[in-house]
Amino acid sequence: MKLILGGRPAVMRSPRRGARRVHVSAIAAAALATLVAAGCSSASSTSSATSTASSPASSSASSSQKVTLSFWSWVPNLDKVIATWNKSHPDIQVQVQVQAGGDAELTKLLTAAKAGNPPDLAQVEYQVLPTLVSNNYLANVSQYDSNLKSDFPAGNWTQVTLGTDALYGVPQDAAPMALFYRADLFKKYHLTVPTTWAQFAADATKLHAEAPGVYLGTFSSQDPGEFAGLTQQAGAQWWSASGSTWKVSINSAASQKVASYWQSLVTSGGINNQPQWTAAWNKGMNNGQYIAWVSDVWAPTDMPTVSPANTGKWAMTELPQWTAGAGVVGNWGGSSTAVLAASKHQQAAAEFAAWLNTDPAATAALASVSGVYPADIAAEGALSAPPPYFSSQPNFWSLAKGYAADASQASWGPDVDVAYSEFTSAFGGAITSKASFLSPLAQVQSAVVSDMKKSGFTVAAS
Amino acid sequence: MKQPRKHTAPRLAPYAFVAPAVALFALLMLIPIGYTLFLSFGKSQVSGLGLGTGARKQVFAGLSNYASGLSDPAFLSSLLRVLVYSLILVPVMLGLALLFALLLDAQRVRFQRFARLSIFLPYAVPTVIASLLWGFLYLPTVSPFPAILARLGLSMPDLFTTNTALFSVANIGVWGGTGFNMIVIYTALRSVPTELYEAARIDGASQVQVALRIKIPMIGPALVLTGVFSIIATLQVFNEPHTLAPLTNTISPDWMPLMKVFDLAFNEQDSYEAAALSVVIAVAMFVFSYGLLRVSNKRVFQGR
């Protein structure tokens, strides 16, 4: 439905904060049907769901008072995952209120939190945690979820603690970037699967010469999160803090390298200059206009709707490297489950957040029903069968696990919303007119610095 | 000598009658406006890294929001853009509305009811839906137009370049707004006394002459009214470009003044500067429409 309307509800902002779009795919629904059936028929099976069910005493919310927690999230079919919790925790009922996407939810969340009536729990992307924390909207749940650190990769853990002793969310999904390509069409156009960005550029040039109008992807001003991930791979740290001073390095040499690289590809024609997530893009992804996509391990949730005719034809490979064999990738999105400071039931909410993202039954359901690539290390290892769309790649999840291990550590500041908004404004014109990407990049940097200074942050000269 | 009237009961009555209106006005208009003004003079101030509790507080900012908003080149170019947009949209839309109204009002028109309804119909389509429909028609890979044009040996121009995007958005406004204005003008035409037409016919005036010499002057007030309303509406354009923005890199999130306000308030979390720009836009709109109404009152209504 959403897809037919151009991929996104029009009155909402695009999920361009790097949020992936969520499509309730038919395949996920099918997987869900099996799960629900299994759950219904064998309530007393030996699955670990039962262990949770049989021990409601483990919930420390011993008060007889029944609480209902509201939970904002855009993860498809999350209510089915949560049904298991609700069954075993009659005193702590969680209600999901489905959101359109990361970006749309953030807008609502900030507004609702300011008005004093946010939900108890929210799905929050890693890059906006500092924004929410600096507005004092998130609860520090370290006292309730004290023993989770070893469950998650250090990179994800740093993002939810912001490098402090506090804990502002429980990591849900890891989002290392990857390259997706049409194996059949790469063969047809005699392209080699690139392992470096130099090869990727060579492929783009060759493809453009051979089949103008066919692209290795598109560069959009509406996906700042994607660009941010690509610069992370090149070594950029957009924000860093020392003492009480922030340093903004959006316009760093690493970012400039990435910007110039994509500018040259857009100018030479191997990469298109249209936005992603539109009906036109879906069509291009489906009919062979786009034969590669720089994306992320969450792509399996989108692929069945973005390119429905090509099941098994797309393949995932490592994101091309700047230095051959370096094995570094960036992150695009990824999110955590956070408890809001205004919640009256922080302990219960924190308990639920921990369950959702670390309980084996919950993470398994998140992966199979909702298509979430879990951040939890044990859950990551438990994934075996590839997503149905990528059935031709039996090692899909072990590849993904490798990329997650390679993911560079992101460092976000309290001004990501301004940076992303400015990125869309500044890059839009340059992409359309195929002009220099360096001046919009400098514009993003100066907008962020001046906004931070205006708010009273101490910003180091860079 | 008359006895002085007793004032106790009757004096309360008028206040009681206006109380609900005043209360609602205060609640829904004055308080929000006052709050907006209050916000426009504030800003958020953080201390240190801004990550601790209570690190952010609202402080008085004087006129700095107004200064930074008004000196923002993005806002200034959006102001210019909306003026050009209005200059494109209003004459075309009202011209078409007037033409259709005159055609429908002329004698011996077949399918009159059907034509009136079908011209009016686009007005009933919500602007968001209309923008999506047109957006799809504009995108070459999902639009039927390239195939049709190819048969005629033509190719479809890119409708989302820096130069064409404004026309593409204005087209949606024309499509959606013509019908409503046509109905207003048509209704005014129906109230012109028919004796005038008879007199004109006896004098040998053609249909075109009747239209130019009698009908258009007689419906002057309706034209002014639709004109003023259309200008105000176009200066507030938001839905169409906001809906089209995800479809193209050309339309930035601060493309039109109200989009800039939205962007500031909800994407950049700066409700203070957003409030300041809202005040600027509201004052400009008020001055503009008041001036327009004054001028047109003198000209068309002869000060009535």
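## Two unusual backbone spots

Helices here are DSSP runs of H or I with at least four residues, strands are runs of E with at least two, and both are numbered from the N terminus. Keep in mind that this is a predicted model. With that in hand, take Asn77(A): this residue sits in the loop between β1 (67-73) and α3 (78-88) of chain A. Its phi is positive, about 60°, even though it isn't a glycine. Is Asn77(A) buried or exposed? Buried, because 24 other C-beta atoms fall within 10 Å and the cut-off for that label is 20 or more.

Lys434(A) pulls a similar trick: it is no glycine either, yet has a positive phi of about 55°. You'll find Lys434(A) in the loop between α17 (416-433) and α18 of chain A. Lys434(A) rates as partly exposed, since it has 14 other C-beta atoms within 10 Å, and the label covers counts between 12 and 20.

## A little sheet with a helix on it

Chain A has an open sheet of 3 strands in the order β6-β7-β11, with mixed pairing. On the edges are β6 (239-242) and β11 (458-459) of chain A, each pairing on one side only. Strand β7 (residues 245-248) of chain A runs parallel to β11(A), and 2 bridges join them. One residue to look for is Trp246(A), whose bridge partner in β11(A) is Val459(A).

Helix α18 (residues 438-455) of chain A packs on this sheet, where it touches β7 and β11 of chain A. The directions of α18(A) and β7(A) make an angle of about 165°.

## How the domains of chain A meet

The domain assignment splits chain A into domain 1 (26-174 + 333-383) and domain 2 (177-329 + 410-459). How far apart are their C-alpha centres? They lie 29 Å apart. Domain 1 of chain A puts 14 residues into the contact, and domain 2 of chain A puts in 13.

On the domain 1 side, the elements giving two or more residues are α1 (26-41) and α5 (129-134) of chain A. That side of domain 1 has 7 nonpolar, 6 polar and 1 charged residues.

## A helix in chain B

Over in chain B, helix α10 covers residues 220-235. Its 16 residues, at 1.5 Å each, should span 22 Å, and the end C-alpha atoms are 23 Å apart, so the two figures agree.

Which residues of α10(B) are buried? They are Ala222(B), Leu223(B), Thr226(B), Ser230(B), Thr234(B) and Leu235(B). An α-helix has 3.6 residues a turn, so residues three or four places apart point the same way.

Methods:
Residues are numbered from 1 along each chain as its sequence is written. Chains are lettered from A and ligands numbered from 1 in the order in which they are written. This is a predicted model: local features need pLDDT of at least 70, side-chain atom pairs count only at pLDDT 80 or more; totals for chains, interfaces and linings use all residues. The expected span of a helix is 1.5 Å times one less than its number of residues. Domain bounds come from an automatic or database domain assignment. Two residues are in contact if their C-beta atoms, placed from the backbone, lie within 7 Å. Ala, Val, Leu, Ile, Met, Phe, Trp, Tyr, Cys and Pro count as nonpolar, Asp, Glu, Lys and Arg as charged, and the others, Gly among them, as polar. Two strands pair if DSSP finds at least two bridges between them. Axes are lines fitted to C-alpha atoms, for helices over the stretch in contact, and angles run from 0 to 180 degrees between N-to-C directions.
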